Each structure stands twice: as C-alpha cells, then as structure tokens.
Amino acid sequence: MDLLKSLAVAASGLKGQAGRMRVIAENLANADSSPDRAGVDPYRRKIVTFQGKLDRELDAKVVELGRVSRDRSDFKTKYDPGHPAADASGQVRMPNVNSLIETMDMREAQRSYEANLNVISSTRRMIQRTIDILRA
C-alpha cells in the first residue's frame, strides 16, 4: 500500500508542477505585451500557490495547485510617446513580468517535475520486481 501512496503523492506533484509551468509560460508570453490604449492596465504577472490535501482513500497527504493570484508589484514603464497607451508624459505602463525570474521559476518547476517523475519510475520498478519475486 505504501507504494501506491508514493505513486499518488508523486502524481499530485507532477500535476501541480505542470500547472505551475502553464502559468509561468503565460507570464513569459505576456512579458512584452502592452495595453492598446491609455488608462488600461497591462498584463499583471500571475503567481501560483500550492496547498496540501489529505487523500482519505489512500490516507496520504498530496499537493494541489492552489489559488492563482496576481502579483501586486508596480508595473514597469517605458518611454514611448508615439504609443497609443502613452500617458501625457510619454510613458507606457508595461507588464510587471521579469523574464529572468520567470525563467528561473520554470527551471525550478521543471526540476521538481523531473524529481516526481523519477519517484514514479522507481516505484514502478519496485512494483515490477515485487511481482517478479512473487511469480518465482
């Protein structure tokens, strides 16, 4: 039964990190976007949270993708007086997305995803070896 728990916990980690990577990809895709007119807010970076949940069927604590919230940090500004979203001083508000931070977050999510995948692979090998021993 413990092997099933480890599979469930690792699978929940895979699902959570996949969701995190989707949000990071969305942030990166919108990093250079700008509003189409003045007075409209640009894209605001999204932040993923995780929460633990007890899986009563397996009696194991698993992870779930929690609430996706908006980063409340200030927008960047860029001087572009010809832009349709420029204010009176020629400044355009740009998304509060830092591509370097998003890239590092993506690498961390990828490593966590790979670690969970390795747990699943190892557990499957252990289950297969157990079955082989029982057959012999």
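The following exercises, each with a worked solution, concern a predicted model of one protein chain.

Local features in this predicted model need pLDDT of at least 70, side-chain atom pairs count only at pLDDT 80 or more, and totals for chains, interfaces and linings use all residues. Residues are numbered from 1 along each chain as its sequence is written, and side-chain values use heavy atoms, with hydrogens and water left out.

**Exercise 1. Annotated spans**

Task: State which residues UniProt assigns to its two domain features, and describe the secondary structure of each span.

Solution. Begin with the record: an unreviewed UniProt entry places "domain: Flagellar basal body rod protein N-terminal" at residues 7-32, and "domain: Flagellar basal-body/hook protein C-terminal", likewise from an unreviewed entry, at residues 89-132. UniProt positions follow the numbering used here, feature names are shortened, and annotations may be inferred rather than shown by experiment. Turn next to the coordinates, where helices (H or I, at least four residues) and strands (E, at least two) are DSSP runs numbered from the N terminus. Residues 7-32 are 88% helix and 0% strand, with end C-alpha atoms 39 Å apart. Residues 89-132 are 77% helix and 9% strand, and their end C-alpha atoms are separated by 74 Å.

**Exercise 2. Helix 1 and its buried residues**

Task: Compare the span of helix 1 with the expected value, and determine what its buried residues pack against.

Solution. The expected span of a helix is 1.5 Å times one less than its number of residues. Helix 1, which has 28 residues, reaches 41 Å from its first C-alpha to its last, close to the expected 40 Å. For burial, the classes are buried (under 20% relative accessible area), exposed (over 50%) and partly exposed (in between), with a 1.4 Å probe and protein chains only. The buried residues of helix 1 include Ala-8, Leu-14, Gln-17, Arg-20, Val-23 and Ile-24, and the buried residues of this helix pack against strand 1, strand 2 and helix 2 (99-135).

Two residues of the helix show this in detail, with contact meaning heavy atoms within 4.5 Å. Gly-13, in helix 1, counts as buried at 8% relative accessibility, and beyond residues up to four places away in sequence it touches Val-63 and Asn-116. Asn-27, also in helix 1, is buried with a relative accessible area of 0%; apart from neighbours within four places in sequence, Asn-27 is in contact with Tyr-43, Arg-45, Lys-46, Val-97 and Glu-102.

**Exercise 3. The hairpin**

Task: Describe how strand 1 and strand 2 are paired and what lies in the turn between them.

Solution. Two strands pair if DSSP finds at least two bridges between them. Strand 1 (residues 46-55) and strand 2 (residues 60-70) run antiparallel and are joined by 9 bridges. Toward one side of the register, Lys-46 stands opposite Arg-70, while the bridge partner of Asp-55 is Ala-60. The two strands form a hairpin with 4 residues between them, and Asp-59 in the turn has a positive phi of about 55°.

**Exercise 4. Salt bridges**

Task: Give the number of salt bridges in the whole structure, and locate the partners of Lys-46, Arg-37 and Arg-45.

Solution. A salt bridge is a side-chain nitrogen of Lys or Arg within 4 Å of a carboxyl oxygen of Asp or Glu, and a search of the whole structure finds 8 of them.

Take Lys-46 first: its salt bridge is with Glu-26, the closest N and O atoms being 2.7 Å apart. This pair links distant parts of the chain, with Lys-46 in strand 1 and Glu-26 in helix 1, 20 residues apart. Lys-46 is buried at a relative accessible area of 18%, whereas Glu-26 is partly exposed at 30%.

Continue with Arg-37, which lies in the loop between helix 1 and strand 1 and meets Asp-36 in a salt bridge of 3.3 Å, N to O. Asp-36 counts as exposed, at 55% relative accessibility.

Finally, the side chains of Arg-45 and Asp-71 meet in a salt bridge of 3.4 Å, N to O. Arg-45 lies in the loop between helix 1 and strand 1 and Asp-71 in the loop between strand 2 and strand 3 (76-79), so this pair ties together parts that are 26 residues apart in sequence. Both Arg-45 and Asp-71 are buried, and a network of salt bridges links these two residues with Glu-102 and Asp-105.
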